[in-house]
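Colleague: I'm new to this one, so could you take me through a single part of it in some detail? I'd like a close look at one helix and whatever sits around it.

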Amino acid sequence: MNNIKNYVQENKERFINELVELLKIPSVSADSAYSQDVIDTAEAVKISLEKAGCDFVELCETPGYPIVYGEKIIDKNLPTVLVYGHYDVQPPDPMELWTSPPFEPVIKTTEIHPEGAIFARGSCDDKGQMYMHVKAFEYMIANNCLPCNVKFMIEGEEEVGSKSLSWFVERNQEKLANDVILISDTGMISNQQPSITTGLRGLSYVEVEVTGPNRDLHSGLYGGAVANPINILAKMIASLHDENNHITIPGFYDKVEELSTEERAEMAKAPFSLDDYKKALDIADIHGETGYVTNERNSIRPTLDVNGIWGGYTGEGAKTVIASKAYAKISMRLVPNQDWEEITELFKNHFESIAPKSVKVKVTPHHGGQGYVTPIDSIGYQAANKAYTETFGVPAIPVRSGGSIPIVALFEKELKSKTILMGFGLDSDAIHSPNEHFGIFNYLKGIETIPLFYKYFVELSK
């Protein structure tokens with residue numbers, strides 16, 4: 001694999017152009033208006049795997065969007081790597097905050113990305129990172145250096161809960177049998193300091209509806225005499241945290257894993273500047289649970305956040321109205337041992353219990369998933385660390401992520417495999433936000449690093 005750097009440089013422009021074409025397709029799984037675009041993207045991924053060298057590729061029908069499955073089996077006695085990724089993307093809203101159209105990719109230089117970054121929805125999450133694996137596989141096939149079997153499973157519903165993936169995995173365990181699962185849907189500390197995500201938080205996502213009177217009311221004639229659902233909802237949400245930003249739902253922390261002083265000390269070795277953090281976010285100060293530092297609050301502690309809130313009149317000008325209904329979307333990030341379905345039920349019971357009799361409350365669960373931790377003494381982790389060390393010149397640091405990839409826990413349950421999270425994105429890449437981007441350096445470095453994971457995984461497995 002000594003010529004991987006040359007191969008990447010020789011094919012650099014083609015690699016970039018192919019990703020740009022993929023990013024032009026608006027595969028927004030959350031909005032049915034884009035359903036044909038999502039299907040078109042699945043077909044494009046299928047074609048890319050065929051061209052890269054898979055012996056067998058198919059679009060697998062599911063209750064939702066299709067899963068792209070591909071494989072190259074060179075010897076059944078050799079290890080098998082299962083690559084997971086997703087081809088769907090988040091909605092681009094709010095559109096007015098994009099500096100360039102979200103589905104018209106452009107390359108711009110930034111302070112962090114002097115070699116340029118591709119600005120487009122899905123560039124980092126996850127089309128760019130998923131496509132690194134396709135191109136790394138292409139290199140190994142083209143240079144006859146694929147050291148083991150490889151399977152690809154690329155889905156189209158990750159951004160809406162991966163319901164069809166669960167259905168698919170449960171029904172195709174033999175087809176998906178593997179020795180390790182490889183995912184690039186996370187980030188690393190910096191372009192100088194790689195890291196490997198060893199932990200993920202779980203997720204419980206709900207929508208709440210508060211109903212007062214049976215219709216919108218004139219705020220002069222009825223104000224002060226009936227409950228205002230928006231006022232009530234605001235108070236209920238405010239009560240979900242105490243003065244120490246501790247979540248007040250009874251039983252919420254009962255199964256929370258408390259890390260030892262030694263483990264917290266290891267986490268603290270990751271380079272972090274609080275001043276740079278605040279500057280990057282343009283905030284005067286940080287905010288969070290008392291007793292924990294920033295990198296612990298966003299990784300090893302559970303959270304509860306309002307993701308959206310609405311009701312009443314929000315148009316231009318004034319309309320003096322007491323709305324009949326108020327709504328909010330709420331997500332809870334969970335740590336290992338917290339069961340997302342149990343937490344959802346705890347939230348529902350508590351939220352209903354704190355509502356005054358003057359309103360009715362409805363809690364609708366949307367989706368969720370379990371947290372996950374992978375050991376750093378596993379062969380997969382060691383192989384990934386050796387690969388990063390070779391291409392970056394320094395060992396990777398193990399970190400726990402605040403994000404959630406619910407399917408990782410599903411894979412361990414159904415396929416009995418450990419997952420290695422080799423992310424190449426950066427915190428500053430604005431995933432899920434306007435102006436999402438992915439550095440050219442990161443994209444190409446991923447293609448360069450991934451084949452080394454295969455090499456070292458096979459060597460360490462002997």
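Modeller: Let's start with a word we'll need: a residue is called buried if its relative accessible area is under 20%. Keep in mind, too, that this is a predicted model.

The helix I'd pick is α12, which covers residues 379-392. It has 14 residues and reaches 20 Å from its first C-alpha to its last, close to the 20 Å expected at 1.5 Å a residue. Now for the burial: Gly380, Tyr381, Ala383, Ala384, Ala387, Tyr388, Thr391 and Phe392 of α12 are buried. Look down the axis of α12 and you'll see these buried residues fall within an arc of 165°, so they line one face of the helix.

What does that face meet? The buried residues of α12 pack against three strands, β8 (195-200), β16 (397-400) and β17 (419-421), and also against helix α14. Just after α12 comes Gly393, with a positive phi near 85°.

Aromatic rings come into it as well. Tyr388 and Phe392, which are among the buried residues of α12, belong to a cluster that ring pairs build together with Phe424 and Phe441. Across the whole structure, a search finds 15 aromatic pairs.

Now follow the contact over to α14, which runs over residues 440-461. This helix has a ring pair of its own: Phe453 and Phe457 both lie in α14, four residues apart, about one turn of the helix. Their ring centres are 5.7 Å apart and the planes sit at 20°, so the pair is stacked; planes under 30 degrees apart count that way. Phe453 counts as buried because its relative accessibility is 0%, and Phe457 counts as buried because its value is 5%.

α14 also leads us to a sheet. Three strands form an open, antiparallel sheet in the order β4-β5-β18. Its edge strands are β4 (106-108) and β18 (437-439), each pairing on one side only. On average, neighbouring strands here are turned by 30° against each other, direction ignored. Helix α14 packs on this sheet and touches β4, β5 and β18, with its direction making about 60° with that of β18. As for the pairing itself, β5 (residues 117-119) and β18 are joined over three bridges in the antiparallel sense, and one of the bridge partners is easy to find: Ala117 faces Gly439 in β18.

So the route to trace on screen is from the buried residues of α12 to α14, and from α14 on to the sheet.

How values were computed. Residues are numbered from 1 along each chain as its sequence is written. This is a predicted model: local features need pLDDT of at least 70, side-chain atom pairs count only at pLDDT 80 or more; totals for chains, interfaces and linings use all residues. Side-chain values use heavy atoms; hydrogens and water are left out. Two strands pair if DSSP finds at least two bridges between them. Helices (H or I, at least four residues) and strands (E, at least two) are DSSP runs, numbered from the N terminus. Axes are lines fitted to C-alpha atoms, for helices over the stretch in contact, and angles run from 0 to 180 degrees between N-to-C directions. Contact means heavy atoms within 4.5 Å. The expected span of a helix is 1.5 Å times one less than its number of residues. Buried means under 20% relative accessible area, exposed over 50%, partly exposed in between (1.4 Å probe, protein chains only). The arc is that of the directions from the helix axis to the C-beta atoms. Rings of Phe, Tyr and Trp (its six-membered ring) pair if their centres lie within 6.5 Å; planes under 30 degrees apart count as stacked, over 60 as edge-to-face and the rest as tilted.
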